[in-house]
Amino acid sequence: MAVDCIVFGFDGENFRLLLIQRGFTPHRQEWSLMGGFIQPNESLEAAAHRVLKELTGLEDVYLEQLPAFSDPKRDSVDRTISVPYFALIDIQKCKAQLSSDFHAEWFILSETPDLIFDHNLMVEVAKMRLRYKAALHPILFELLPAKFTLQQLRTLYEKLYESTFDKGNFARKALSTGLLIQQKEKNKEHSRKGAFYFKLDREKYYDNFEAFLKFIPNMEKLLGMDKNW
């Protein structure tokens with residue numbers, strides 16, 4: 001029994017996927033998800049947290065379990081059942097801590113290379129689960145730095161759903177959640193006037209984590225729920 005971690009990040013413009021180069025045969029030096037076998041006294045979730053910490057140096061990371069992959073022939077060496085987890089991390093937090101032992105590299109999600117075993121399928125399953133969950137709950141804030149602009153927030157959602165949202169409507173609905181605290185500081189990278197930075201109200205975030213979001217337009221269409229559901 002093993003766990004595999006699908007690690008998502010966001011660089012401000014694109015979703016990224018953290019991959020490693022496999023260091024042993026078979027498939028030596030090919031790209032792979034980070035994974036490992038479950039230790040005798042370990043739970044699935046504990047194993048996933050351990051694997052993620054070994055790779056990124058981070059703890060208290062958002063992790064969500066996906067259905068097990070159990071095809072008898074999925075691993076060419078031994079019969080291995082894998083339980084994947086997807087993780088959401090702030091890329092900036094793990095830059096200095098990213099382990100060099102695994103030759104890890106961030107790939108733009110849409111440019112993911114061929115992966116070993118059934119790891120490409122795991123990534124697709126994780127992406128679809130992330131789209132569904134992010135339409136309902138504010139989990140994408142886990143990918144943002146401590147302070148961010150509304151433009152960065154909108155880009156984050158647009159990239160995940162491969163869609164374009166109305167700037168004004170998105171801003172109004174995002175602010176209406178009460179989760180954002182406007183800062184005095186502005187980001188003037190793209191204009192002289194600048195855009196205010198915001199921070200996430202962590203207390204409200206955790207208190208209202210299961211509350212439904214209401215700022216994703218055409219949610220059913222984006223998730224494909226308008227087709228024979």
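**Aromatic pairs and a helix crossing**

Phenylalanine 165 has a relative accessible area of 4%, so this residue is buried (under 20% with a 1.4 Å probe, protein chains only). Phenylalanine 170 counts as buried too, at 3%. Keep in mind that this is a predicted model, where local features need pLDDT of at least 70, side-chain atom pairs count only at pLDDT 80 or more, and totals for chains, interfaces and linings use all residues. Numbering starts from 1 along each chain as its sequence is written, and side-chain values use heavy atoms, with hydrogens and water left out.

**Aromatic rings**
- There are eleven aromatic pairs, counting Phe, Tyr and Trp rings (the six-membered one for Trp) with centres within 6.5 Å.
- Phenylalanine 8 and phenylalanine 86 make a tilted pair, 6.3 Å centre to centre with 55° between the planes; tilted covers whatever is neither stacked (under 30 degrees) nor edge-to-face (over 60).
- That pair links distant parts of the chain, 78 residues apart: phenylalanine 8 sits in strand β1 (residues 2–10) and phenylalanine 86 in strand β6 (residues 82–88), with strands being DSSP E runs of at least two residues, numbered from the N terminus.
- Both phenylalanine 8 and phenylalanine 86 are buried.
- Phenylalanine 165 and phenylalanine 170 are stacked, because their planes lie at 15°, with ring centres 6.0 Å apart.
- One aromatic cluster includes Phe8, Phe86, Tyr62 and Phe141.

**Where α3 meets α4**
- Leu130, Arg131, Ala134 and Ala135 in α3 meet Tyr157, Leu160 and Tyr161 in α4, contact being heavy atoms within 4.5 Å and helices being DSSP H or I runs of at least four residues.

Key: Buried means under 20% relative accessible area, exposed over 50%, partly exposed in between (1.4 Å probe, protein chains only).
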